[in-house]
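Biologist: I'd like to learn how to read the features of a structure, one at a time. Can we start with the terms and then go to the case itself?

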Amino acid sequence: MSVKWGLIGASTIARQFMIDAIRAQADGAIAAVMSSNPERAAAYARENGIPAAVSNLDALLGSDINAVYISTTNELHLEQALAAIKAGKHVLCEKPLALTSDDARRMVVAAKAAGIVLGTNHHLRNAGAHRAVREAIAAGRIGQPIAARVFHAVYLPENLQGWRIARPEAGGGVVLDITVHDADTLRFVLGDDPVEVSAFTQSAGMAAGGLEDGAMCIWRFESGLIAQSHEGFTTRFADTGFEVHGSQGSLIARNVMTQKPVGSVLLRTASGEEELSSDRENLYVRSVRRFHAAIRGEGQPSATGEDGIWSLAAAEAALQSANSGRAVKIDPKLGSMN
């Protein structure tokens, strides 16, 4: 069965990564793009070789597509996803799934009831480096994991700033943009769920409208592991990385919080240092391949709708903590949709 995609949102991320990832699948094609601005939709379709351009959701969902990729601004995700699910289309949605975890849960419940595949596009789960760290931990190569650190403070390029730094109502700010990824990456790599977070946020000169452009979070996990994460839009010269320290060793991943299949993973134990091998497959190609397999009934998307609820609930808790000055509990039952 071929998968005919409709793009909801004429976005930069779709142009840079997703269009090629869909076309890299033997069974994938892009049939149409939707933007609320008809001129933008037409220009985007022309520039990217997409057969059809539409300016309203009904026109897209009434066509013969069977999957949608949603990369609009965050406040639009819920309504667009629910409409696509109702129309019987499978949904791969950018993170965060919605503006609140309650709304994300509504999406997951609707998709389950309709028998629709819903995926959250947490691209980092598809990085070979992250999977190498996850596999090394699962194999016991560092003993009992004790602590972790995530470095994910970057410089947000001018072409992506826009609503992310100026529109609270659209779900702007670094926490909903990057902390969600870090919470998901920690869950994925550790195979463990966060239960509490304490966070500080800052506005370091880029964000406006009361939004934050930097955050530091301390996380406590169900196993007792503690982790710290640093997210930012304003650090031009920082490296990204991921470390997990255990009772018998440490895993040190460098330059891995990125959309590209790059970086390195070092295992350090009493035996010395060993660089772990990891595949260099394009993260988005792997994400779409896993999503197509899920549509065929083979496994799940790289990140499920439930994973999207977890990461959003964690980010919500971080914002609550920053606003209240107190540690905030993350409900460990959020991952269960019974």
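Modeller: Sure, strands first: two strands pair if DSSP finds at least two bridges between them. Helices (H or I, at least four residues) and strands (E, at least two) are DSSP runs, numbered from the N terminus. Here, Val33 stands opposite Ala53 in β3. Strand β2 (residues 28–34) pairs with β3 in the parallel sense, over three bridges.

Biologist: Before going on, what kind of model is this?

Modeller: This is a predicted model: local features need pLDDT of at least 70, side-chain atom pairs count only at pLDDT 80 or more, and totals for chains, interfaces and linings use all residues. Residues are numbered from 1 along each chain as its sequence is written, and side-chain values use heavy atoms, with hydrogens and water left out.

Biologist: Back to β2 and β3, then. What is the strand order in the open sheet of six strands?

Modeller: The order is β3-β2-β1-β4-β5-β6, with parallel pairing. β3 (52–54) and β6 (118–120) are the edge strands, each pairing on one side only. For angles, axes are lines fitted to C-alpha atoms, for helices over the stretch in contact, and the values run from 0 to 180 degrees between N-to-C directions. In this sheet, neighbouring strands are turned by 25° against each other on average, direction ignored. Helix α2 (residues 38–48) packs on the sheet and touches β1 (3–8), β2 and β3; contact means heavy atoms within 4.5 Å. The direction of α2 makes about 165° with that of β3.

Biologist: And which strands form the open sheet of nine?

Modeller: They run β14-β13-β12-β11-β7-β10-β9-β8-β15, and the pairing is mixed. Its edge strands are β14 (272–276) and β15 (328–329). One pair is β7 (residues 145–153) with β11 (residues 241–246), antiparallel over six bridges. Within it, Val150 has Phe242 of β11 as its bridge partner.

Biologist: Which strands do α6 and α8 lie across?

Modeller: α6 lies across β7, β11, β12 (249–254), β13 (264–269) and β14, at about 175° to β12. α8 lies across β7, β8 (194–202), β9 (214–221), β10 (226–232) and β11, at about 30° to β9.

Biologist: How do α6 and α8 pack with each other?

Modeller: Helix α6 (residues 128–138) meets α8 at an angle of about 40°, and their axes are 8 Å apart. The general scale is that angles under 35 degrees count as roughly parallel, over 145 as roughly antiparallel, 65 to 115 as roughly perpendicular and the rest as oblique. α6 and α8 are therefore oblique to each other. Among the contact residues are His130 and Ile137 of α6 and Phe188 of α8.

Biologist: Now pockets. How big is the largest pocket, and what lines it?

Modeller: On a 1 Å grid over the protein atoms alone, a pocket is an open set of points where a 1.4 Å probe fits, with protein on both sides within 12 Å along at least five of seven lines; lining residues have an atom within 4 Å of a point. Grid points are joined across faces, edges and corners, and a volume is the space filled by probe spheres set on the points. The largest pocket here has a volume of about 1300 Å³. It is lined by 47 residues, and the closest to its centre are Thr12, Ile13, Leu160, Arg164 and Gln259. α7 gives the largest share of that lining, six residues.
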